Amino acid sequence: MPPIVLVLNGPNLNLLGSREPSVYGHETLADIADLCGRTAREHDLTVEFRQTNHEGEMLDWIHGARQRCAAIVINPAAWTHTSVAIRDALAASELPVIEVHLSNVHSREAFRHHSFVSGIAQAVLCGFGSNGYRLALEHLSQQFKR
Ligand code: DQA
């Protein structure tokens, strides 16, 4: 059974494609889910791809990953900059966590420069667009083979 990687997406990412395309591009979340699915097949991973606008639901998914999954790739979206609860849940999962952002948060508003998640993440990818998700999965697949 290939290792399961939980790919989690936070609030407003369901609007990708129509949301601020000058910042986030024209790809939809379904396009990114397809990209993750293809990458998983190429690298012998199982990807579970999810999005929620509800923080409690996100916390429940992270809690459920602990026994079942090999790693978490997360774009926490706005919760990156606000949520100690998401950070604590990710830390409690004891899983490798890769934080992904489509945009380069450091070239944007000052409130996006701080991430509650980065301190417990194994790696952070930002500014690569949807490619960041692919890079995160490729990295994990190499790590699992070691
Ligand atoms: C984002 C960056 C966040 O600052 C923002 O709140 C998002 C998306 C990104 O993917 O670039 O919703 O995580």
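This report describes the ligand site, helix 4 and two single residues of a predicted model.

**The ligand and its surroundings**

Eleven names make up the shell of residues around the ligand: Arg19, Tyr24, Asn75, Ala77, Ala78, His81, His101, Leu102, Ser103, Val105 and Arg112. By residue class, this shell divides into five nonpolar, four polar and two charged residues. Polar atoms of the protein lie opposite oxygen atoms of the ligand in the pairs listed here, two of them through side chains and one through the backbone.

| Residue | Protein atom | Distance to an oxygen atom of the ligand |
|---|---|---|
| Arg19 | polar side-chain atom | 3.0 Å |
| Asn75 | polar side-chain atom | 2.8 Å |
| Leu102 | backbone N or O atom | 2.8 Å |

Taken on its own, the ligand has 320 Å² of accessible area, and the protein covers 98% of that area.

One member of the shell, Ala78, is found in the loop that runs between strand 3 and helix 4. Is Ala78 buried or partly exposed? Its relative accessibility is 39%, and because buried residues must fall under 20% while exposed ones lie over 50%, Ala78 counts as partly exposed. Ala78 and Asn53 are separated by 25 residues in sequence, and their C-alpha atoms are 10 Å apart in space.

**Helix 4**

Helix 4 spans residues 84-93, and its buried residues are Ile86, Ala89, Leu90 and Ser93. These residues lie on the same side of helix 4, because the arc that they cover around the axis is only 100°. What do the buried residues of helix 4 pack against? Their partners are helix 3 (55-68), strand 3 (71-75) and strand 4 (97-101).

Both ends of this helix show a local feature. At the start of helix 4, a side-chain oxygen of Ser83 comes to within 3.4 Å of the backbone nitrogen of Ala85, whereas just after the helix, Glu94 adopts a positive phi of about 60°.

**Ser141 in helix 5**

Ser141 belongs to helix 5, which covers residues 131-145. With a relative accessibility of 3%, Ser141 counts as buried, since the limit for that class is under 20%. The side chain of Ser141 reaches the backbone oxygen of Glu138, at a distance of 3.2 Å. When residues up to four places away in sequence are left aside, Ser141 touches His43 and Leu45.

Notes
Residues numbered from 1 in each chain as written. Predicted model: local features only at pLDDT ≥ 70, side-chain atom pairs only at ≥ 80, totals over all residues. Heavy atoms only, no water. Near = heavy atom within 4 Å. Polar contact = N/O pair within 3.5 Å; in protein donor to acceptor, adjacent residues only side chain to side chain. Areas by Shrake-Rupley, 256 points an atom, 1.4 Å probe, with all protein chains shown as cover. Nonpolar A, V, L, I, M, F, W, Y, C, P; charged D, E, K, R; others polar. Buried < 20%, exposed > 50% of the residue type's maximum accessible area, 1.4 Å probe, protein only. Helix = DSSP H or I, 4+ residues; strand = E, 2+ residues; numbered from the N terminus. Arc of directions from axis to C-beta. Contact = heavy atoms within 4.5 Å.
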